[in-house]
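User: I'm new to this structure and would like a close look at a single part of it. Could you take me through the charged pairs, and then show me what surrounds them?

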Amino acid sequence: MAHDPRDLDDAFLAFWRERHIATLTTARPDGSPHVVPVGVTYQPETGTARVITSRTSRKARNVAAAGPQGLRVALCQVDRARWSTLEGVAVVRDEPEQVSDAERRYTERYREPRVNPDRVVIEIAVDRVLGRA
């Protein structure tokens with residue numbers, strides 16, 4: 001079921017604030033899907049989802065390889081019959097203020113992340129929302 005990303009109801013937004021692990025799907029250089037579990041935060045006011053990771057991770061390298069135009073990705077979380085997929089274009093951000101903001105958001109939803117001097121943020125501009133929450 002498709003939803004307007006600019007008009008999500010309270011139950012749907014609450015689902016993205018609850019502590020759930022999601023999957024991030026990116027494309028490998030050969031075009032095959034790379035799907036991994038991730039912690040994700042979603043900021044509905046700006047339509048931005050964020051995943052913190054190491055710059056050397058396969059997911060970060062897949063996104064970075066797409067260049068400045070970014071890579072189309074999907075984030076999905078499931079809890080019994082409730083599910084949601086956020087789709088959009090991802091870019092890798094390494095600016096200290098962007099990384100710090102993403103770490104703060106991650107801490108609010110999950111826990112304080114371990115120290116990682118190679119941390120970057122995969123930032124997704126969400127333009128399609130599916131699900132049943």
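Analyst: Let's start with E95 and R93, which form a salt bridge whose closest N and O atoms are 3.1 Å apart. Keep in mind that this is a predicted model. Both partners sit between the two extremes of accessibility: E95 has 28% relative accessibility and so counts as partly exposed, and R93, at 21%, is partly exposed too.

R93 has another partner as well. Its side chain meets that of E123 in a salt bridge, with 2.9 Å from N to O. R93 belongs to strand β7 and E123 to strand β8 (residues 119-132), so this pair ties together parts of the chain that are 30 residues apart in sequence. And is E123 buried or exposed? E123 is buried, because its relative accessible area is 15% and the cut-off for buried is under 20%.

Now zoom out a little. R93, E95 and E123 belong to a network of salt bridges that also links R50, D101, R104, R105 and E108. In total, the structure holds 15 salt bridges.

One more pair is worth a stop: R82 and E18, whose side chains meet in a salt bridge at 2.7 Å, N to O. This pair links distant parts of the chain, with R82 in strand β7 and E18 in the loop between α1 (10-15) and β2 (22-27), 64 residues apart. R82 counts as partly exposed, at 23% relative accessibility, and E18 is partly exposed with a relative accessible area of 28%.

Just before β7 there's a small oddity. R80 lies in the loop between β6 (71-79) and β7 (82-93), and R80 has a positive phi of about 55° although it isn't a glycine. With 82% relative accessibility, R80 counts as exposed.

Back to the network, since one of its members leads us to a pocket. E108 is among the residues nearest the centre of the largest pocket, along with W16, R17, T41 and Y42. That pocket has a volume of about 250 Å³, and the elements that give two or more residues to its lining are β4 (41-43), β5 (48-54) and α3 (96-109). What kinds of residue make up the lining? Five are nonpolar, three polar and six charged.

There's a second largest pocket too, with a volume of about 150 Å³. Its lining is made of I52, T53, S54, Y106, R111, P113, R114, N116 and R119. β5 gives the most here, with three residues. By class, this lining splits into three nonpolar, three polar and three charged residues.

S54, from that lining, has its place in strand β5. S54 is buried, with a relative accessible area of 17%. Leaving aside neighbours within four places in sequence, S54 is in contact with A60, N116, D118, R119 and V120. Two of these contacts, N116 and R119, turn up in the lining of the second largest pocket as well.

So much for charges and pockets; what about the nonpolar side? As background, nonpolar side chains tend to be buried together in soluble globular proteins. Here, the largest nonpolar core has 30 residues, and V40, Y42, A49, L75, L86 and I124 touch the most other members. The elements giving two or more residues to this core are α1, β2, β3 (33-38), β5, β6, β7, α3 and β8. β8 gives the most, with five residues. We've already met two of the names involved: Y42, from near the centre of the largest pocket, and strand β8, which holds E123.

V40 shows how these regions meet. Not counting neighbours within four places in sequence, V40 is in contact with W16, A22, A49, R50, V51, L75, R109 and Y110. Among them, A49 and L75 are core residues, W16 lies near the centre of the largest pocket, and R50 is part of the salt-bridge network.

One last stop is A74 in strand β6. A74 counts as partly exposed, at 21% relative accessibility. Outside its neighbours up to four places away in sequence, A74 touches T23, L24, T25, T85, L86 and E87. L86 is another name from the core. The C-alpha atoms of A74 and R132 are separated by 16 Å, and the two residues are 58 apart along the chain.

Terms used:
Residues are numbered from 1 along each chain as its sequence is written. This is a predicted model: local features need pLDDT of at least 70, side-chain atom pairs count only at pLDDT 80 or more; totals for chains, interfaces and linings use all residues. Side-chain values use heavy atoms; hydrogens and water are left out. On a 1 Å grid over the protein atoms alone, a cavity is a set of points where a 1.4 Å probe fits but cannot get out, and a pocket is an open set with protein on both sides within 12 Å along at least five of seven lines; lining residues have an atom within 4 Å of a point. Grid points are joined across faces, edges and corners, and a volume is the space filled by probe spheres set on the points. Helices (H or I, at least four residues) and strands (E, at least two) are DSSP runs, numbered from the N terminus. Ala, Val, Leu, Ile, Met, Phe, Trp, Tyr, Cys and Pro count as nonpolar, Asp, Glu, Lys and Arg as charged, and the others, Gly among them, as polar. Buried means under 20% relative accessible area, exposed over 50%, partly exposed in between (1.4 Å probe, protein chains only). A salt bridge is a side-chain nitrogen of Lys or Arg within 4 Å of a carboxyl oxygen of Asp or Glu. Contact means heavy atoms within 4.5 Å. A nonpolar core is a set of buried Ala, Val, Leu, Ile, Met, Phe, Trp, Tyr and Cys residues joined through side-chain atoms within 4.5 Å.
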